[in-house]
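Trainee: Got a minute to look at a fold with me? I'd like to go through the sheet.
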Amino acid sequence: MEVAIAGGHGNVARRLGRLLADRGDLVRGLIRNPGHAEELREDGTEPVLCDLEAATPDQIAAAIAGADAVVFAAGAGPGSGSERKGSMDRDGAIKLLHAAEIANVDRYLMVSSIGAEDPPDGDEVFSVYLRAKAEADRALMASDRTWSILRPTSLTDGPGGEGVSVTMDPHRGEVSREDVAAVLAAALHEPRTAGKVIYVRSGDLTVGEALEAFLAEAAP
């Protein structure tokens, strides 16, 4: 599988890129800072310069052309204001969606957030962020792409592999970025995750076990 990751130098994205490359997938990471290119190469990821905020959907489509799947793992990041929550977390994700339609990339995985299912009102930056995530999620769900949306709880930099919980319903807690990347990597290769919103936190099951339990629960 060939996978293009938007926000390719991000904390989750780099972990995902390494997992996919180790598995034999071809991975390209969309980055806006050329200074990050060498680190991605060291991860086994092909760097592609593409600034989601500045690029048009056609330009993004050229950057992802030929991919089998795209992952939106970009974000304005901590310390950014409300305006960038809209221009990146919402508009960047929606531009990637339009680009996927142009480039005929069917599979789209969104890294969203717990709280996007019922975002709060108000002008606080985090409230604006959750509304931006919710709008991006709704746009993807309304599209004709084969989508999956991952909504992790609070992220940590702790070690992964100690167990996760994957559910259909929101829950509180923490989860390591390493485990989020592992769930994304598994979901990319699991067709049954299509059309599903997936909540992830730390738990007692391996990623494979947790995903199977989730899919059993989500089955019609």
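Mentor: Sure. One term before we start: two strands pair if DSSP finds at least two bridges between them. And keep in mind that this is a predicted model.

Trainee: OK, so what is the bridge partner of Phe72 in strand 5?
Mentor: That's Met110. Strand 4 and strand 5 run parallel, with four bridges joining them. Between the two, the chain passes through helix 4 (residues 82-103), making a right-handed β-α-β crossover.

Trainee: And which residue of strand 6 stands opposite Leu109?
Mentor: Ser148. Five bridges hold that parallel pair, strand 5 and strand 6, together. Here the chain goes by way of helix 5 (residues 125-141), and this β-α-β crossover is right-handed.

Trainee: Is strand 5 buried or exposed, by the way?
Mentor: Five of its five residues are buried, so strand 5 is largely enclosed by the rest of the structure. Arg107, Leu109 and Val111 are on one side, with Tyr108 and Met110 on the other.

Trainee: Zooming out, what's the strand order in the sheet?
Mentor: 3-2-1-4-5-6-10-8, an open sheet of eight strands with mixed pairing. Strand 3 (46-49) and strand 8 (164-167) each have a single partner strand, so one side of each has no neighbour in the sheet. On average, neighbouring strands are turned by 20° against each other, direction ignored.

Trainee: Which strands does helix 1 touch?
Mentor: Helix 1 (residues 11-23) packs against strand 1, strand 2 and strand 4 (69-72), and its direction makes about 170° with that of strand 1.

Methods
Residues numbered from 1 in each chain as written. Predicted model: local features only at pLDDT ≥ 70, side-chain atom pairs only at ≥ 80, totals over all residues. Heavy atoms only, no water. Axes fitted to C-alpha atoms, helices over the stretch in contact; angles between N-to-C directions. Contact = heavy atoms within 4.5 Å. Buried < 20%, exposed > 50% of the residue type's maximum accessible area, 1.4 Å probe, protein only. Right-handed = clockwise from strand over helix to strand, strands pointing away.
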